[in-house]
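Work through the following exercises with the sequence and the structure beside you. Try each task before reading its solution.

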Amino acid sequence: MGFKEALAAEVVDARRGPRCTVCALEDVMSGDDWADFTASLEDATVTTATLARALNREGYRIPRHTLGRHRKRECSRS
């Protein structure tokens with residue numbers, strides 16, 4: 001197996017398991033909140049800790065490490 005095949009296998013393995021908790025927020029947030037949230041995920045000036053606190057304030061219990069994994073695209077995206 002070459003590197004290209006090994007990389008493809010890793011990508012497939014990363015998508016196994018339950019849906020990413022952060023991705024699942026799209027199903028429960030309003031359209032405007034989801035748009036604001038996804039924009040903040042891409043904003044390097046907004047820390048992961050700040051995002052976690054804001055989500056917690058809104059009643060979404062997403063741990064900081066889960067948000068960090070999502071931001072680094074290491075989650076099991078849907």
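**Exercise 1: A threonine and its surroundings**

Task: Decide whether Thr66 is buried or exposed, and then describe its place and its neighbours.

Solution: Thr66 has a relative accessible area of 10%, and it is therefore buried, since the class of buried residues takes in values under 20%. The model in which this is seen is a predicted one. As a next step, find the residue along the chain, where Thr66 turns out to belong to helix H5. Then look for its contacts: leaving aside residues up to four places away in sequence, Thr66 touches Thr21 and Val22. As a last step, compare positions along the chain and in space, for Thr66 and Thr48 are 18 residues apart along the chain, while their C-alpha atoms are separated by 9.4 Å.

**Exercise 2: The chain as a whole**

Task: State how many helices and strands the protein chain has, and describe its burial and its contacts.

Solution: Begin with the secondary structure, which comes to 5 helices and 0 strands, so that the order of elements from the N terminus reads α-α-α-α-α. Turn next to burial, where 28% of the 78 residues of the protein chain count as buried. The exposed area of the protein chain is about 5,600 Å², and carbon and sulfur atoms supply 52% of it. Finally, consider the contacts between residues at least 6 apart in sequence, of which 56% join residues at least 24 apart.

**Exercise 3: Salt bridges**

Task: Find how many salt bridges the whole structure holds, and describe the residues that form them.

Solution: A search of the whole structure gives 2 salt bridges. In one of them, the side chains of Glu42 and Arg73 meet at 3.7 Å, N to O. This pair links distant parts of the chain, with Glu42 in helix H3 (residues 31-42) and Arg73 in the segment after H5, 31 residues apart. Both Glu42 and Arg73 are exposed. There is also a salt bridge between the side chains of Lys72 and Glu74, at 4.0 Å, N to O. To class these two residues, recall that exposed means over 50% relative accessible area. Lys72 counts as exposed because its relative accessibility is 56%, whereas Glu74, with a relative accessible area of 49%, is partly exposed.

**Exercise 4: A charged patch and two loops**

Task: Name the residues of the negative surface patch, and then examine Glu58 and Thr47, each of which lies in a loop.

Solution: The negative surface patch is made up of Asp32, Asp33, Asp36 and Glu58. Of these residues, take Glu58, which is found in the loop between helix H4 (48-57) and helix H5 (64-71). Glu58 has a relative accessibility of 57%, and it therefore counts as exposed. Thr47, for its part, sits in the loop between H3 and H4, and it counts as partly exposed because its relative accessibility is 41%. To complete the step, follow Thr47 to Arg64: the two are 17 residues apart along the chain, and their C-alpha atoms are separated by 9.7 Å.

Technical notes: Residues numbered from 1 in each chain as written. Predicted model: local features only at pLDDT ≥ 70, side-chain atom pairs only at ≥ 80, totals over all residues. Heavy atoms only, no water. Patch = residues over 30% accessible without salt bridge, like charges linked within 9 Å, V, L, I, M, F, W, Y side chains within 5 Å. Areas by Shrake-Rupley, 256 points an atom, 1.4 Å probe, with all protein chains shown as cover. Lys, Arg positive; Asp, Glu negative; His and termini not counted. Charge placed at Lys NZ, Arg CZ, Asp CG, Glu CD. Helix = DSSP H or I, 4+ residues; strand = E, 2+ residues; numbered from the N terminus. Buried < 20%, exposed > 50% of the residue type's maximum accessible area, 1.4 Å probe, protein only. Contact = heavy atoms within 4.5 Å.
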